[in-house]
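User: Please take a close look at one part of this structure. I would like to know what it pairs with, what it touches and how it is linked to the rest.

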Amino acid sequence: MRSKAARAAVIGAAFLLFLTMWTGCKSMSSEELKKSIAIQDMETKWVSKYYQPWPPRLILVPQISFRVKNTGAEPLTYVNFNAVFSFKGEAENFGDAFLSAIRGKPVAPGELSPVITMKSNFGVDGKDLKSIETNPMWKAAEVRLFARSKGSQFILLGIYDVSRLIDFKEPEAPQIKKDEGKK
């Protein structure tokens with residue numbers, strides 16, 4: 001009796017393994033991955049990593065957002081992205097981001113992924129927006145975007161300029177009305 005149950009468990013496990021491999025968890029070569037990904041709706045900007053009103057301190061980091069269109073014949077599954085940020089003309093990177101973005105729900109051929117957002121772990125430090133905007137260390141930047149899937153090496157998807165757009169607004173100082181202090 002025990003051997004029949006064990007045999008059934010082994011057969012069931014083998015069937016599940018076969019089914020999993022047959023339904024789209026197969027490896028994709030680097031060339032296949034490159035042909036299957038088109039970057040859509042790409043946007044870059046600088047966002048706040050840290051803000052402190054007193055003593056004043058603001059750290060802005062570059063961010064890239066995009067969607068992936070599957071231009072291949074097979075669903076995209078298990079795709080990791082790496083964004084490497086650097087100042088233009090400099091060989092050294094100043095920050096990066098790694099994200100396992102396409103996981104549970106595959107991106108079918110011809111379909112678009114949800115928006116993928118990646119921001120650098122390092123950026124530009126200053127007291128406030130004005131000090132960063134006038135900081136000579138805040139130079140033109142770029143991001144190199146890579147992708148990797150099961151069975152492939154990292155492939156370069158593109159090099160994109162990072163916009164100088166800043167998506168951060170300093171909060172206004174609280175206003176004290178003249179009548180409030182006399183109560």
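Analyst: What follows is a close look at one strand, after a brief view of the whole chain.

This is a predicted model: local features need pLDDT of at least 70, side-chain atom pairs count only at pLDDT 80 or more, and totals for chains, interfaces and linings use all residues. Residues are numbered from 1 along each chain as its sequence is written, and side-chain values use heavy atoms, with hydrogens and water left out.

Start with the whole. The protein chain holds three helices and nine strands. Both are DSSP runs numbered from the N terminus; a helix (H or I) has at least four residues and a strand (E) at least two. Read from the N terminus, the order is α-α-β-β-β-β-β-β-α-β-β-β. The protein chain has 183 residues, and 33% of them are buried. Buried means under 20% relative accessible area, exposed means over 50%, and partly exposed lies in between (1.4 Å probe, protein chains only). The exposed surface is about 12,000 Å², with 57% of it supplied by carbon and sulfur atoms. These areas come from the Shrake-Rupley method with a 1.4 Å probe; for residues, only the protein chains shown count as cover. Now look at contacts, meaning heavy atoms within 4.5 Å. Of those in the protein chain with a separation of 6 or more, 68% are between residues 24 or more positions apart.

Now to strand 2. This strand covers residues 57–70 and runs antiparallel to strand 5, with four bridges joining the two. Two strands pair if DSSP finds at least two bridges between them. Phe66 faces Ile116 across this pairing, the latter in strand 5. Strand 5 itself spans residues 116–119. Ile116 and Met118 form its covered face, while Thr117 and Lys119 form the uncovered one. In a regular strand, side chains alternate between the two faces of the sheet.

Asn70 also sits in strand 2. Is Asn70 buried or exposed? Asn70 has a relative accessible area of just 1%, so it counts as buried. Its contacts, leaving out residues up to four places away in sequence, include Ser36, Leu76 and Pro109. Pro109 lies 39 residues away along the chain, yet its C-alpha atom is 5.0 Å from that of Asn70.

The side chain of Asn70 also makes polar contacts. A polar contact is a pair of N or O atoms within 3.5 Å; within protein, one must be able to donate a hydrogen and the other to accept it, and residues adjacent in sequence count only if both atoms are side-chain atoms. One goes to the backbone nitrogen of Gly72, at 2.8 Å. Another reaches the backbone oxygen of Glu74, at 2.8 Å. The backbone oxygen of Val107 is also reached at 2.8 Å.

Strand 2 has a charged link too. Six salt bridges occur in the structure. A salt bridge is a side-chain nitrogen of Lys or Arg within 4 Å of a carboxyl oxygen of Asp or Glu. Arg67 pairs with Asp41 in one of them, with 4.0 Å between the closest N and O atoms. This pair ties distant parts of the chain, with Asp41 in strand 1 (residues 37–52), Arg67 in strand 2, and their positions 26 residues apart. Asp41 is exposed because its relative accessible area is 54%. Arg67 is at 25%, so it counts as partly exposed.

Follow strand 1 a little further. Lys45 meets Asp167 in a salt bridge, at 2.9 Å from N to O. Asp167 belongs to strand 9 (residues 166–167) and Lys45 to strand 1, 122 residues apart. Lys45 also bridges to Glu43, at 4.0 Å between the closest N and O atoms. Glu43, Lys45 and Asp167 are thus linked in a salt-bridge network. Lys45 is buried, at 13% relative accessible area. Glu43, at 39%, is partly exposed, and Asp167, at 43%, is partly exposed.
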